[in-house]
Amino acid sequence: MIIVTRPSPEGEVLTQQLIEAKIPAQHLPLFNISTGNDLFNLPSELTKLKPSDIVIVTSPQVTYIIKNNLPNLLLPTNIQYFAVGNKSAKLFSQLTNSIISYPKQEDSEGLLQLLEKISLKNRSVLILRGDTGRPLLVNTLTHQKAKVKLIECYRRNPILYPPNILADHIEKQVIISTSTEHLLQLEAYCHNKHKQQANLIVTSWRIFAKAKCLNWQKVLLIDGANNQILFKTIITLCHNASI
């Protein structure tokens, strides 16, 4: 059984793709997504930006929440847009005709390498994100003299399940975790036996390292968090009878 923990709609889409491919899968989102404290301040913050200022999109959820709550949002065309990954860039490009740049290495480190090519001194940088996130982007850009402002576009609200929700057929489980927040939330449902027998698929070195610290034994790191990569990986594993 493939356990997909990523939130809707990405989690639902991946689960359905697996089911259509005759692979048993269950969508078990660990968080609901709701509007963030700063979302409705975003239009006014965007009007303050000057030419060559920067907007950074950290996840697909940013676009989903904007579409649902600010459908008529006007995005300036004279600034630069960046996203942490391909999926975030592709979705956000639906809101603007501007180019959304993203790194080949789809994480904060990769984005920072991309931003090294431009001068950030005295530029305003809006980071569109959730209620939690790594401080790496903020700290590094601030050190480079950028004027950084975080915009909490959405919030993650934990979904509570019965403690034994994952207790059956542990040795046949493959759990997909695409963030450290999801991994930490799994602690309520996965104990030592679980971590020894179940398979865990993660999408970055940071999540991999955290999983090892939490004593997960069977951890597979894959190159990217988008559904296409996850789907192809699982199909390959199933065909090779590795899970």
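The second largest pocket is lined by Glu10, Val13, Gln17, Asn86, Lys87, Lys90, Glu106, Asn226, Asn227 and Gln228. Helix H1 (10-20), helix H4 (86-92) and helix H10 (227-239) are the elements that each give two or more residues to this lining. The model described here is predicted.

**Pockets**

The volume of the second largest pocket is about 220 Å³. Its lining divides into one nonpolar, five polar and four charged residues. The largest pocket holds about 1,300 Å³ of space. Of the 48 residues that line the largest pocket, Thr58, Val84, Glu106, Thr178 and Arg206 are the closest to its centre. The lining of the largest pocket is made up of 16 nonpolar, 19 polar and 13 charged residues. Glu106 belongs to both descriptions: it is in the lining of the second largest pocket, and it is also among the residues closest to the centre of the largest pocket.

**Three residues**

Glu10, Thr180 and Arg155 can be set side by side by location and accessibility.

| Residue | Element | Relative accessible area | State |
|---|---|---|---|
| Glu10 | helix H1 | 8% | buried |
| Thr180 | helix H7 (residues 180-185) | 14% | buried |
| Arg155 | strand S9 (residues 154-158) | 30% | partly exposed |

Glu10 counts as buried because its relative accessibility is 8%, and buried means under 20%. Not counting residues up to four places away in sequence, Glu10 touches Pro60, Tyr64, Lys87, Leu91 and Asn227. Two of these residues, Lys87 and Asn227, also appear with Glu10 in the lining of the second largest pocket.

Thr180 lies in helix H7. With neighbours within four places in sequence left aside, Thr180 is in contact with Arg206, Ile207 and Lys210. One of these, Arg206, is also among the residues closest to the centre of the largest pocket.

Arg155 is partly exposed, because its relative accessible area is 30% and that state covers values between 20% and 50%. Which residues does Arg155 touch, not counting those up to four places away in sequence? They are Asn32, Ile33, Ser34, Thr35, Gly36, Asn37 and Asp131. Ile33 is 122 residues from Arg155 along the chain, yet the C-alpha atoms of the two are separated by 5.7 Å. The side chain of Arg155 also makes a polar contact, at 3.0 Å, with the side chain of Glu152.

**The sheet**

Five strands form an open sheet with parallel pairing, in the order S6-S5-S4-S7-S8. Strand S6 (100-101) and strand S8 (147-152) stand at the edges, and each has a single partner strand, so one side of each is left without a neighbour in the sheet. Strands of a sheet pair through backbone hydrogen bonds, either parallel or antiparallel. Strand S4 and strand S7 (residues 124-129) run parallel and are joined by four bridges. The bridge partner of Val57 in S7 is Leu128.

**Helix H5**

Which residues of helix H5 (residues 108-115) are buried? They are Ser108, Gly110, Leu111, Leu112 and Leu115. An α-helix has 3.6 residues a turn, so residues three or four places apart point the same way. The cover over the buried residues of H5 includes strand S4 (54-57), strand S5 (80-83) and helix H6 (136-143). Strands S4 and S5 are also listed in the order of the five-stranded sheet.

Methods:
Residues numbered from 1 in each chain as written. Predicted model: local features only at pLDDT ≥ 70, side-chain atom pairs only at ≥ 80, totals over all residues. Heavy atoms only, no water. Buried < 20%, exposed > 50% of the residue type's maximum accessible area, 1.4 Å probe, protein only. Contact = heavy atoms within 4.5 Å. 1 Å grid on protein atoms, 1.4 Å probe; cavity = no way out; pocket = protein on both sides within 12 Å on 5 of 7 lines; lining within 4 Å. Points joined across faces, edges and corners; volume = space filled by probe spheres on them. Nonpolar A, V, L, I, M, F, W, Y, C, P; charged D, E, K, R; others polar. Polar contact = N/O pair within 3.5 Å; in protein donor to acceptor, adjacent residues only side chain to side chain. Pairing = 2+ DSSP bridges.
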